[in-house]
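I opened this notebook to keep track of what I looked up in a structure that was new to me. The entries follow the order in which I went through it.

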Amino acid sequence: MAPAAVEELQVAGNKLTQLTGLDSLKGQYLGRRYFNKAFLAEISELIAEAEKGHHAELVVAIERTFPTHLESTRDRALEVYGRLRVWDTPLNTGLLLYLSLDRQAIEIISDRGIQVEDERWVEVSILLADYFKNKQFREGLLAAVKHIEGILAEACPPVDEQFEDKDLLSNEPVIL
């Protein structure tokens with residue numbers, strides 16, 4: 001089957017699950033099954049420890065059910081980026097990793113102070129998607145956060161003592 005036809009079938013399948021509401025049930029199930037308090041605390045600790053090596057701030061947002069007022073996951077990620085004030089760091093080094101469980105979408109939005117090629121973020125998305133396809137949600141998110149923190153350590157090394165050991169944004173993943 002031609003790639004365009006396969007993509008058309010996938011889009012049609014996504015629309016069908018959206019219309020029936022099955023996608024929101026899937027997102028709720030995945031959120032409760034895999035993203036429990038213990039795992040979220042583990043992610044939080046990993047972020048806190050990694051942020052000691054750079055001046056960037058990583059925020060992880062996990063959405064179980066995509067809101068109906070938007071169609072694009074990119075638009076939703078931008079909205080979450082603003083609402084969580086990821087942009088509000090002194091050196092403009094906030095980064096959002098947004099996961100939409102029901103839409104099975106990944107978005108990474110970085111502030112202008114993080115000078116990284118888009119291909120690096122695509123690598124992270126592909127890594128995470130590969131794990132998620134195999135239902136390895138815990139391993140995938142841990143690997144993605146470690147990979148992101150490695151990129152941030154290269155792009156945003158510690159620059160000033162006044163920002164050292166200051167956690168400007170919460171390290172706890174946000175469940176939406």
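What follows are my entries on the sheet, the cores and one residue that I followed up.

**Entry 1, the sheet.** I noted before anything else that this is a predicted model. I then looked up how the strands are arranged, and found an open sheet of 4 strands in the order β3-β2-β1-β4, with mixed pairing. At its edges stand β3 and β4 (174-175), and because each has a single partner strand, one side of each is left without a neighbour in the sheet.

**Entry 2, the hairpin.** Turning to β2 and β3, I saw that these strands run antiparallel and are joined by 6 bridges, with β3 covering residues 105-110. Between the two strands of this hairpin there are 4 residues, and Gln 104 takes a positive phi near 50°. For the facing positions, I wrote down that Leu 97 stands opposite Ile 108 in β3, and that Ser 100 stands opposite Ala 105 in β3. I also looked for what lies across these strands, and found helix α4 (residues 73-83), which lies across β1, β2 and β3 and runs at about 45° to β3.

**Entry 3, the cores.** Which residues have the most contacts inside the largest nonpolar core? In this core of 29 residues they are Phe 35, Leu 58, Leu 97, Trp 121 and Leu 141. At least two residues each come from α3 (37-50), β1 (57-63), β2 (94-100), α5 (118-133) and α6 (137-155), and α6 gives the most, with 8 residues. I followed Leu 141 further and, leaving aside neighbours within four places in sequence, found it in contact with Phe 35, Phe 39, Ile 43, Ile 62, Leu 97, Leu 99, Leu 128 and Phe 132. Apart from this core lies another, of 12 residues, which includes Ala 61, Phe 66, Tyr 81 and Leu 169.

**Entry 4, Ser 100.** I came back to Ser 100, which lies in strand β2, and asked myself whether Ser 100 is buried or exposed. Its relative accessible area is 2%, and since buried means under 20%, Ser 100 counts as buried. Not counting residues up to four places away in sequence, Ser 100 touches Glu 63, Phe 66, Thr 73 and Ala 105. Last, I looked up the polar contact of its side chain, and found that the side chain of Ser 100 makes one with the side chain of Asp 102, at 3.0 Å.

Note on methods. Residues numbered from 1 in each chain as written. Predicted model: local features only at pLDDT ≥ 70, side-chain atom pairs only at ≥ 80, totals over all residues. Heavy atoms only, no water. Core = buried A, V, L, I, M, F, W, Y, C linked by side-chain atoms within 4.5 Å. Buried < 20%, exposed > 50% of the residue type's maximum accessible area, 1.4 Å probe, protein only. Contact = heavy atoms within 4.5 Å. Pairing = 2+ DSSP bridges. Axes fitted to C-alpha atoms, helices over the stretch in contact; angles between N-to-C directions. Polar contact = N/O pair within 3.5 Å; in protein donor to acceptor, adjacent residues only side chain to side chain.
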